[in-house]
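Let's take a walk through a protein model together. Keep the picture in view and follow along from the inside to the surface.

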Amino acid sequence: MLTTHKLVLTALHARLQPLAALTLRDAVLPERIPAAGLIILRDGQPGEPEVTLSSLRYHYQHRAELEVVVQAGTDRTSAFDDLVAAIGAALEADRTLGGLCDWVEPEAPSSVDLPVEGAAALKAAVITVVLHYTTTGPLT
């Protein structure tokens, strides 16, 4: 049986699968970045929940992270922006991840250019995605 935390993260991962970029979950950065880019979903932290006592519910604002990377010799910024926009459109198309979340809210990325010796430079960012959901217990 999957916990609510894992169900929500699995739904987020599935939501990103149709994108052109390779989407992985909790993976090590590969040696080669696909031409369409790479997204690595990290579980992040559920944080401290707000608790309601009648009926007992735990309300989380889980902060998952998307590591977004593109590699290109030219037009790297454009390729990166296109990938970020595609992520945004995928999340906006279903802000509840099929009813598992109350709301899904991505935060703006702060990108960085990373030189790679002997290869095209990388443009990368971490996009925090806040997942608002409720459980009946901290371990469910």
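The paragraphs below go from the core to a buried histidine, then to the surface and the backbone.

Please keep in mind that this is a predicted model. A good place to begin is the largest nonpolar core, which has 29 residues. Within this core, Leu12, Leu66, Ile87 and Leu131 touch the most other members. Several parts of the chain contribute: helix 1 (4–16), helix 2 (76–92), strand 2 (38–45), strand 4 (56–71) and strand 7 (119–135) each bring at least two residues to this core. Another core, of 6 residues, lies apart from it, and among its members are Ile40, Val69, Leu122 and Ala124.

Now let's pick out Leu131. Setting aside neighbours within four places in sequence, Leu131 is in contact with a list of residues including Val8, Leu9 and Leu12, as well as Tyr60, His62, Leu97 and Trp103. Two of the names in that list, His62 and Leu97, will come back below.

Is His62 buried or exposed? His62 sits in strand 4, and it counts as buried because its relative accessibility is 4%, below the 20% limit for that label. A polar atom of the His62 side chain lies 2.6 Å from the backbone oxygen of Asp43. Asp43 is also one of the residues that His62 touches beyond four places in sequence, along with others including His5, Leu9, Pro46, Val129 and Tyr133.

On the outside, look for Leu2, Leu7 and Leu100, which make a nonpolar surface patch of about 240 Å². Leu2 belongs to the segment before helix 1.

Finally, let's turn to the backbone. Most residues other than glycine have a negative phi, and most peptide bonds are trans. With that in mind, three places deserve a look. The peptide bond from Ser54 to Ser55 is cis, with omega near -10°, and Ser55 is in the loop between strand 3 (50–53) and strand 4. Asp75 has a positive phi, near 60°, and is found in the loop between strand 4 and helix 2. Leu97 has a positive phi as well, near 50°, and lies in the loop between helix 2 and strand 5 (103–106).

How does accessibility describe these last two residues? Asp75 has a relative accessible area of 57%, so it is exposed. Leu97 counts as buried because its relative accessibility is 6%, and Leu97 is among the residues in contact with Leu131.

How values were computed:
Residues are numbered from 1 along each chain as its sequence is written. This is a predicted model: local features need pLDDT of at least 70, side-chain atom pairs count only at pLDDT 80 or more; totals for chains, interfaces and linings use all residues. Side-chain values use heavy atoms; hydrogens and water are left out. A nonpolar core is a set of buried Ala, Val, Leu, Ile, Met, Phe, Trp, Tyr and Cys residues joined through side-chain atoms within 4.5 Å. Buried means under 20% relative accessible area, exposed over 50%, partly exposed in between (1.4 Å probe, protein chains only). Helices (H or I, at least four residues) and strands (E, at least two) are DSSP runs, numbered from the N terminus. Contact means heavy atoms within 4.5 Å. A polar contact is a pair of N or O atoms within 3.5 Å; within protein, one must be able to donate a hydrogen and the other to accept it, and residues adjacent in sequence count only if both atoms are side-chain atoms. Patches are made of residues with over 30% relative accessible area and no salt bridge: like charges are joined within 9 Å, nonpolar side chains (Val, Leu, Ile, Met, Phe, Trp, Tyr) within 5 Å. Accessible areas come from the Shrake-Rupley method with a 1.4 Å probe; for residues, only the protein chains shown count as cover. A salt bridge is a side-chain nitrogen of Lys or Arg within 4 Å of a carboxyl oxygen of Asp or Glu.
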